[in-house]
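Ready for some practice at reading a fold from its atoms? Take a look at the entry below and keep a viewer open while you work.

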Amino acid sequence: MAPGTLYLHIGLHKTGTTFLQNVLRANQAALRRQGLEYPGGPDEPVQALAVWDLQGRRPRGVEDKRIAGSWKALVEHVGNSHQSRALLSVERLSVSTPRQARAVVDAFAGSEVHVIVTARDIARVAVSAWQEDVKNDNSWTWQEFAASITDPDGAARNPARGFWMRHDLPRVCEVWETVVPAERLHVVTVPQAGADPGLLLQRFGSVVGIDAGSLTEPPARTNETVGVSGTEVIREVNTRLEGRLNQRQYDRVVKRVLVPLMASRTGPERFSLPPEQLDWATAWADATVKTLQARGYPVVGDLDELRPHVPEGGRRPDDASRDELLDASLDALSLLVEEHATAWWSRRTPDTGGGDVRAGGASWARGVVFRSQRRAAAVADRNPVAAKVAGVALRFRYRTKRRATPPPP
């Protein structure tokens, strides 16, 4: 049985979707207590894979057997949940064609479907989208990216094609308005930079009818940023890889290992749209706000938040110095070495054989002496007093050895 109401959070990309999804996933039990089904727990269908299945999407260069049939499994799971309301949140839904949007709504024919679109000002989106493209194995520079997305004649070529497919807010709303009435297409604006992240959750919760304050379990992960220099290092790595890794290989090493490790060493750093790109962003935002107002969609937040606001202290995406790039590169190398070594150590085959068990006692004693000496040496490296004591011991040790060694003939 379909739930009475189904909420489809379709993105857009780079509008706090990862934050919202992680909070929702961490608080699945609390949501169910409020009568809202949010799939994605252990042994439950993965929403993102289900949408890939619906749209025919597959990872580059490899077959992922988890995808086939996952859309049907998700629909059945929601139907069997016995909750009065259900929520799906996958930003990939924002690139749906009218036919695909119709397929989604038809799959839940017994439900009243509401579409939620989270929207953010295009200045922040553009810079964040470029960084995300780099983290997804692309190697175009910021200047190449900016020139492409602002070229009216280049919309059919990447990176502009992918950017506007994901971020043309009026077009996305227009597609989904073919399958739900305008009064059930909700636009939730992302607060300007510096606002409390909880404000976006409160706005979102007001649409789906949940108490945001009750979602107290912290999310398991966040959408990491590696800063200006880290992004440039990854871009250069992508250039050298030349696409030799399939998508799952790249995601496993770069997105799930390198990016989080580099983010752990990156302090708070905010990208900012360079001043020379502000005019087109402002013009686009003005036209978008005018279109949304004319269509009459319910808005939670303020459409003025879609107008570009360049924060103080923001950095250009392309101003990393050579010293910063060197430091970030060495960080990345050392972190990957540590990750590889510890992963190998945890999976290694235990050492066996090769020793004489009859010599075990004497060998064990020599090992104890050596480890004690190594610990003492480590203390001497840190403590000047211990270093003096160690120096006396070393002089005595080698003086004794010279006495015991016969002179050469």
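The exercises below go through the sheet, one strand, the backbone, a helix residue and the empty spaces, each with a worked solution.

This is a predicted model, so local features need pLDDT of at least 70 and side-chain atom pairs count only at pLDDT 80 or more, while totals for chains, interfaces and linings use all residues. Residues are numbered from 1 along each chain as its sequence is written, and side-chain values use heavy atoms, with hydrogens and water left out.

**Exercise 1. Lay out the sheet and find its edge strands.**

Step 1. Start with the vocabulary: strands (E, at least two residues) and helices (H or I, at least four) are DSSP runs numbered from the N terminus. Two strands pair if DSSP finds at least two bridges between them.

Step 2. Write down the order. The open sheet has 6 strands, arranged β2-β3-β1-β4-β5-β6, and the pairing is parallel.

Step 3. Pick out the ends: β2 (36-37) and β6 (299-300) are the edge strands, each pairing on one side only.

Step 4. Check one pair in detail. Strands β4 (residues 112-119) and β5 (residues 185-189) run parallel and share 5 bridges, with I116 opposite H186 in β5.

Step 5. Add a helix. Helix α10 (residues 197-208) lies across β1 (5-9), β3 (85-89), β4, β5 and β6, at about 165° to β5. Here the axes are lines fitted to C-alpha atoms, for helices over the stretch in contact, and angles run from 0 to 180 degrees between N-to-C directions; contact means heavy atoms within 4.5 Å.

**Exercise 2. Describe the surroundings of β1 and the directions of its side chains.**

Step 1. Look at the partners. β1 is joined to β3 by 5 bridges in the parallel sense, and T5 has R85 as its bridge partner in β3. With β4, β1 also forms a parallel pair over 5 bridges; there L8 stands opposite V115.

Step 2. Recall the general rule: in a regular strand the side chains alternate between the two faces of the sheet.

Step 3. Apply it. T5, Y7 and H9 point one way from β1, L6 and L8 point the other way, and all are buried; buried means under 20% relative accessible area, exposed over 50%, and partly exposed in between (1.4 Å probe, protein chains only).

Step 4. Conclude: β1 is largely enclosed by the rest of the structure because 5 of its 5 residues are buried.

**Exercise 3. Find the unusual backbone geometry.**

Step 1. Set the baseline: most residues other than glycine have a negative phi, and most peptide bonds are trans.

Step 2. Look for cis bonds. One runs from G11 to L12, with omega near 20°, and L12 sits in the loop between β1 and α1 (17-26). Another joins N158 and P159, with omega about 10°; P159 is in the loop between α7 (142-149) and α8 (160-167).

Step 3. Look for positive phi. D43, in the loop between β2 and α3 (47-55), has phi near 65°. E242, in the loop between α11 (227-241) and α12 (247-264), has phi near 55°.

Step 4. Check accessibility. D43 is exposed, at 87% relative accessible area, and E242 counts as exposed at 63%.

**Exercise 4. Is A126 buried or exposed, and which residues does it contact?**

Step 1. Place A126 in helix α6 (residues 122-134).

Step 2. Read its accessibility: A126 is buried, with a relative accessible area of 1%.

Step 3. List its contacts. Leaving aside neighbours within four places in sequence, A126 touches W142, F145, I149, F163, L273 and W280. The C-alpha atoms of A126 and W142 are 9.9 Å apart, across 16 residues of sequence.

**Exercise 5. Which residues line the second largest pocket?**

Step 1. Define the object. On a 1 Å grid over the protein atoms alone, a pocket is an open set of points with protein on both sides within 12 Å along at least five of seven lines, and lining residues have an atom within 4 Å of a point.

Step 2. Read off the lining: Q373, A376, A377, A380, D381, A386, V389, A390, A393, L394 and R397.

Step 3. Assign them to elements. Those giving two or more residues are α15 (360-382) and α16 (384-404), and α16 gives the most, with 6 residues.

Methods
1 Å grid on protein atoms, 1.4 Å probe; cavity = no way out; pocket = protein on both sides within 12 Å on 5 of 7 lines; lining within 4 Å.
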